[in-house]
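Visitor: I have the sequence and the model ready to look at. Could you walk me through how its parts pack together?

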Amino acid sequence: MDLLNLVDGRWIEGSGAALTDTNPARPGEVVARGRLAAPAEVTAAITAAAGAAPAWAATPHHARAAVLAEAARILDGNAEPWGRELSREEGKTLAEGVAEVRGAARILRFYAAESDRDSGEIYPSPRPGESIQVVRKPVGVAGIITPFNFPIAIPAWKIAPALTYGNTVVWKPSSLVPLLALRLAGALADAGLPAGVLNLVYGEGDTGTAIVDHPGVDAVSFTGSTAVGRAIIARCGELAKPVQTEMGGKNASIVLADADLDHAAAQVVAGAYNSTGQKCTATSRLIVHDGVADELLARVADRAAALRVGDPLEEGVQMGPLVSDAARDRVAAGVREAVGEGARPLAGAEPYTDADRAAGWFAPPTLLDLPGTGLGFWRRELFGPVVGAVRARDAAEAFGLANLSDHGLSAAVFTRDLGVALTAVNGLDVGVLHINSESAGTFPWVPFGGVKGSGHGPKEQGRAARDFYTHTVTVYLGPPA
Ligand code: NAP
């Protein structure tokens with residue numbers, strides 16, 4: 001499969017360095033090849049997006065929406081083969097890959113339906129005959145930079161609102177997952193998107209920086225690590241450019257004494273190990289009431305140890321590899337360090353030694369019983385299938401421990417007590433809160449994003465996305481005389 005950049009409606013081979021997309025379960029296997037965009041091609045993409053912006057902004061909302069709806073139909077029709085490609089390049093299981101492609105289609109349909117909604121507000125005026133309108137206009141050219149872990153869903157939830165609200169786009173996907181980027185851009189192009197409205201450029205960090213810096217890019221939406229996100233926020237601050245960043249997480253699941261332990265254990269395992277723990281909302285900290293801690297940890301450890309880990313395309317496999325050798329090494333080093341600081345492994349921890357898994361970027365589902373919250377593990381995102389557990393005397397202490405973090409993306413609380421659940425809503429510093437369900441998971445019609453080091457700027461998804469991809473004009477509409 002050839003990876004081509006999309007610049008001004010033309011599919012071009014980049015003139016930059018070679019790009020090789022490999023299968024993390026079998027690193028010798030090439031999934032796709034291509035070339036990165038050279039700086040001049042990135043500039044051409046931004047120029048094309050700027051050139052296409054006025055006509056796209058003037059295109060009726062329903063015509064823009066029709067393109068998104070048709071692209072959704074194309075995605076749904078290709079969910080099986082493209083979901084398989086997603087698994088091959090990213091490492092999540094086939095079921096997760098197919099579900100993600102379908103999820104991206106659902107996001108496109110949601111934003112297509114936005115064309116039927118109100119697009120502004122009208123206020124009364126104290127002056128006779130005047131009304132005050134608040135109308136929404138596109139921001140212009142959106143620079144979009146996306147991470148590896150949701151190769152099509154995260155790009156869809158940025159690109160779909162950008163397009164539906166009348167913006168044009170220059171998109172740099174993660175260079176680890178270029179094939180699904182090609183699929184999404186291809187679906188939108190085949191659905192009838194005019195030339196220049198969406199431009200896809202393959203590149204690494206320097207390409208992201210070039211997009212952020214370019215004066216032709218009017219706003220930047222980034223999802224990825226907190227370190228890169230903070231650098232982008234700082235640069236956009238200097239340039240006075242609107243910016244939205246969704247960043248790392250260190251998400252806690254809190255299991256209280258009155259919880260249904262079997263349900264809680266199953267949900268903690270899903271939150272921690274689905275997608276190999278490579279979700280920004282994955283559970284990586286577990287806080288358990290003293291009275292049920294031994295029982296709950298035993299159940300989580302049993303379930304973790306029973307997970308079938310292997311090639312994500314194989315029937316029955318429940319967890320695939322990490323995305324890269326660097327990710328595997330980072331996770332292994334993080335576990336070693338935690339154990340060195342007194343963490344007790346209850347499941348996993350030891351690297352695989354069998355030939356198949358040792359050859360790929362696999363890490364075992366790991367549960368660590370932590371001696372306290374002073375370890376580096378408590379604060380640092382490992383972004384892999386590793387959970388560290390501590391105990392708490394009561395809900396108040398548990399919530400305090402959960403807030404002991406530089407991150408604030410999501411949390412899960414397991415309890416039957418409505419009063420305690422309501423305390424969690426007010427007491428936990430997060431942007432997403434699950435009561436009695438795993439910490440991961442989001443629907444496209446509701447806002448998504450974090451607080452503290454996890455998110456900056458307007459939230460994504462749902463109607464919240466409109467706040468980033470439009471600006472308002474307040475019009476005092478008076479009578480002629
Ligand atoms: P990453 O290393 O920060 O990369 C994210 C994107 O930024 C990639 O396209 C990357 O390009 C690019 N990039 C790297 N350096 C850059 C720079 N200096 N300037 C501009 N762009 C730059 O993150 P990742 O490893 O792909 O994704 C995992 C991280 O994303 C985790 O921290 C996870 O929690 C977070 N995440 C957050 C959310 C959320 O909604 N809060 C959702 C998903 C993931 P290359 O990789 O191609 O070099």
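Visitor: How are helix α2 and helix α4 oriented to each other, roughly parallel or roughly antiparallel?
Guide: Happy to start there, keeping in mind that this is a predicted model. Helix α2 spans residues 61-77 and helix α4 residues 94-113, and their axes lie 8 Å apart at an angle of about 165°. Angles over 145 degrees count as roughly antiparallel, so α2 is, relative to α4, roughly antiparallel.

Visitor: And which hand does the crossing of α2 and α4 have, left or right?
Guide: Try viewing the pair with one helix in front of the other. The crossing in which α2 passes α4 is left-handed.

Visitor: How many residues of the contact of α2 with α4 are nonpolar?
Guide: From α2 come Ala65, Leu68, Ala69, Ala71, Ala72, Leu75 and Asp76, while α4 brings Val101, Arg102, Ala104, Ala105, Leu108, Arg109, Tyr111 and Ala112. Three residues of this contact are charged and none is polar; the nonpolar ones number twelve.

Visitor: Stepping back to the domains, how far apart are the centres of domain 1 and domain 2?
Guide: Domain 1 is made of 2-247 + 454-477, and domain 2 covers 251-435. Taken over C-alpha atoms, their centres are separated by 31 Å.

Visitor: Which three residues supply 24% of the area that domain 1 buries against domain 2?
Guide: In this interface, 22 residues of domain 1 touch 24 residues of domain 2. Together the two domains bury about 1,900 Å², with 59% of it on carbon and sulfur atoms. On the domain 1 side, the trio that supplies more than any other three residues is Pro24, Ala25 and Ser454.

Terms used: Residues numbered from 1 in each chain as written. Predicted model: local features only at pLDDT ≥ 70, side-chain atom pairs only at ≥ 80, totals over all residues. Heavy atoms only, no water. Axes fitted to C-alpha atoms, helices over the stretch in contact; angles between N-to-C directions. Helix = DSSP H or I, 4+ residues; strand = E, 2+ residues; numbered from the N terminus. Parallel < 35°, antiparallel > 145°, perpendicular 65-115°, else oblique. Left-handed = near helix turned anticlockwise from the far one by under 90°. Contact = heavy atoms within 4.5 Å. Nonpolar A, V, L, I, M, F, W, Y, C, P; charged D, E, K, R; others polar. Domains from an automatic or database assignment. Buried area = accessible area lost by both parts, 1.4 Å probe.
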